[in-house]
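This report looks at how a metal site is built and at what lines the pockets of the protein shown below.

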Amino acid sequence: MHYNSPQPTPAGALVFTTVLTRGPLSRVEIGELTGLSSATVTKATRPFLDNGYLVEEPAEDPSGRGRPRSPLAIRADREFFLGVKVTAAELIAVVTDLRAGVRATTRRPLPECTPEAVVPAIATLVEELLTEPGRRARVRTLGVAVSGDIDRATGVVRSSPFLGWTQVDLAAQLHAATGLSVLVENDVKALTAAERWFGSGLGASSFALVTLGTGVGCGLVVNGALVAGAHGVAGELGHVPVVPDGPRCPCGRTGCVEAVAAERAIVARASEVAGTPLTLAEAVAKARSGNEPLREVFAQAGHAIGLGLAALANLVGPERIVVSGEGLAAYDLIGENLRQTFTAHAFGAASRCTLELRPLSFEDWARGAAVVGIEALLSPT
Ligand SMILES: [Zn+2]
């Protein structure tokens with residue numbers, strides 16, 4: 001690749017991240033925000049300016065007196081990043097710029113989700129996205145978001161129950177198929193990375209992202225860093241037990257949040273209550289039209305999630321919890337119980353944690369995968 005990377009030092013990564021998330025900023029402002037001396041800021045920004053990742057904006061001097069300031073800004077189109085979200089039924093891909101702005105997006109249904117089918121399908125999507133003039137020369141990283149237990153360092157999917165994958169060396173296979181540098185990350189962690197720099201997590205030193213859908217996922221940021229835990233399983237909110245002797249969870253235990261509040265759990269319980277098989281959409285429609293037993297199924301899901309969120313707030317004390325995901329489509333049916341239970345069980349100051357609920361598209365997940373590539377650009381050498 002005819003490409004010069006800035007190869008940042010730790011100070012360089014800090015300075016660049018500060019401009020990336022809060023810029024444009026003058027060198028003085030960067031110094032104030034990072035606590036670095038002006039000499040260190042000047043030295044740290046140099047490789048980014050030399051390689052075109054930062055640009056100096058025209059000097060401004062609002063007072064008309066003194067030395068004009070030249071704010072530093074990100075050159076968003078200096079490098080583009082590919083991100084792909086793999087679901088069991090579909091691939092969703094995006095191209096983002098350096099500020100995680102989505103420049104293009106495409107989707108492709110998956111007739112089957114074996115690695116043998118998914119790898120060539122991703123390679124085709126990548127080709128499609130790189131045909132835009134001028135793009136290929138500015139892309140070198142492909143981020144891939146997959147649910148399950150991922151070895152980020154080797155790019156191996158250790159286990160993905162939703163895809164039925166075990167020990168798949170996805171990064172190596174995709175590198176061979178595309179020639180790109182490939183990073184594979186757990187989908188919720190990828191989304192959390194995007195929220196931390198470019199979304200609701202911005203400015204919060206501690207926050208959590210909780211996703212509701214096929215499963216219940218959780219990404220945790222404490223003191224600005226994504227928490228992985230000693231065994232890579234930190235933040236398994238979906239498997240916090242909340243109902244004694246409750247329903248069986250796909251993980252093999254009983255009474256987990258996911259056993260009550262994941263989509264398949266809601267569908268199973270709703271079908272049982274209705275005495276006939278229902279899809280999620282049918283259960284939602286009937287509950288919205290006033291079917292009390294079905295409304296109760298959704299209320300119980302909201303209660304279980306509220307208990308899980310209260311446990312999270314009491315343990316970690318985040319400033320903010322963002323609840324998102326496909327499951328939020330039924331928010332009108334679960335939201336009230338979710339909030340009530342959270343408020344009732346969050347201890348003391350933990351209840352000051354802001355609960356933010358907002359929908360999320362599959363493109364957002366793919367964008368998260370692209371942000372994993374942006375992060376990697378800044379890994380200090
Ligand atoms: Zn479980």
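In this predicted model, the zinc ion is coordinated at 2.0 to 2.3 Å by one nitrogen and three sulfur donors, namely His 239 (ND1), Cys 249 (SG), Cys 251 (SG) and Cys 256 (SG). The angles among the four donor atoms run from 103 to 121 degrees, and the site is tetrahedral, a label that requires all angles to lie between 85 and 135 degrees. Along the sequence, the donor residues follow the spacing H-x9-C-x1-C-x4-C. Both His 239 and Cys 249 lie in the loop between strand 13 (225-226) and helix 7 (257-261), so this pair ties together parts that are 10 residues apart in sequence. As for solvent exposure, His 239 counts as partly exposed because its relative accessibility is 28%, whereas Cys 249, with a relative accessible area of 4%, is buried.

Turning to the pockets, the largest one holds about 1,200 Å³ of space. It is lined by 48 residues, of which Ser 147, Gly 148, Phe 162, Asn 186 and Asp 187 are the closest to its centre. Several strands contribute at least two lining residues each, among them strand 3 (80-86), strand 7 (149-151), strand 8 (156-160) and strand 10 (181-186), and so do helix 6 (187-198) and helix 12 (362-377). Strand 12 (216-222) is also in this group, and with five residues it provides the largest share of the lining. Seen by domain, the lining of the largest pocket draws at least three residues from domain 2 (79-193 + 364-378) and at least three from domain 3 (202-357).

The second largest pocket encloses about 570 Å³, and its lining comprises 24 residues, with Thr 17, Thr 21, Arg 196, Trp 197 and Gly 224 nearest its centre. Here helix 1 (10-22), helix 2 (27-34), helix 6 and helix 12 each supply at least two lining residues, and helix 1 gives the largest share, seven residues. Helix 6 and helix 12 thus appear in the lining of the largest pocket and in that of the second largest pocket.

The make-up of the two linings by residue class is set out below.

| Pocket | Nonpolar | Polar | Charged |
|---|---|---|---|
| Largest pocket | 21 residues | 16 residues | 11 residues |
| Second largest pocket | 11 residues | nine residues | four residues |

Note on methods:
Residues numbered from 1 in each chain as written. Predicted model: local features only at pLDDT ≥ 70, side-chain atom pairs only at ≥ 80, totals over all residues. Heavy atoms only, no water. 1 Å grid on protein atoms, 1.4 Å probe; cavity = no way out; pocket = protein on both sides within 12 Å on 5 of 7 lines; lining within 4 Å. Points joined across faces, edges and corners; volume = space filled by probe spheres on them. Helix = DSSP H or I, 4+ residues; strand = E, 2+ residues; numbered from the N terminus. Nonpolar A, V, L, I, M, F, W, Y, C, P; charged D, E, K, R; others polar. Domains from an automatic or database assignment. Donors = N, O, S within 2.8 Å, 3.2 Å for Na, K, Ca; no water. Tetrahedral: all angles 85-135°; square planar, octahedral: opposite > 155°, others 65-115°. Buried < 20%, exposed > 50% of the residue type's maximum accessible area, 1.4 Å probe, protein only.
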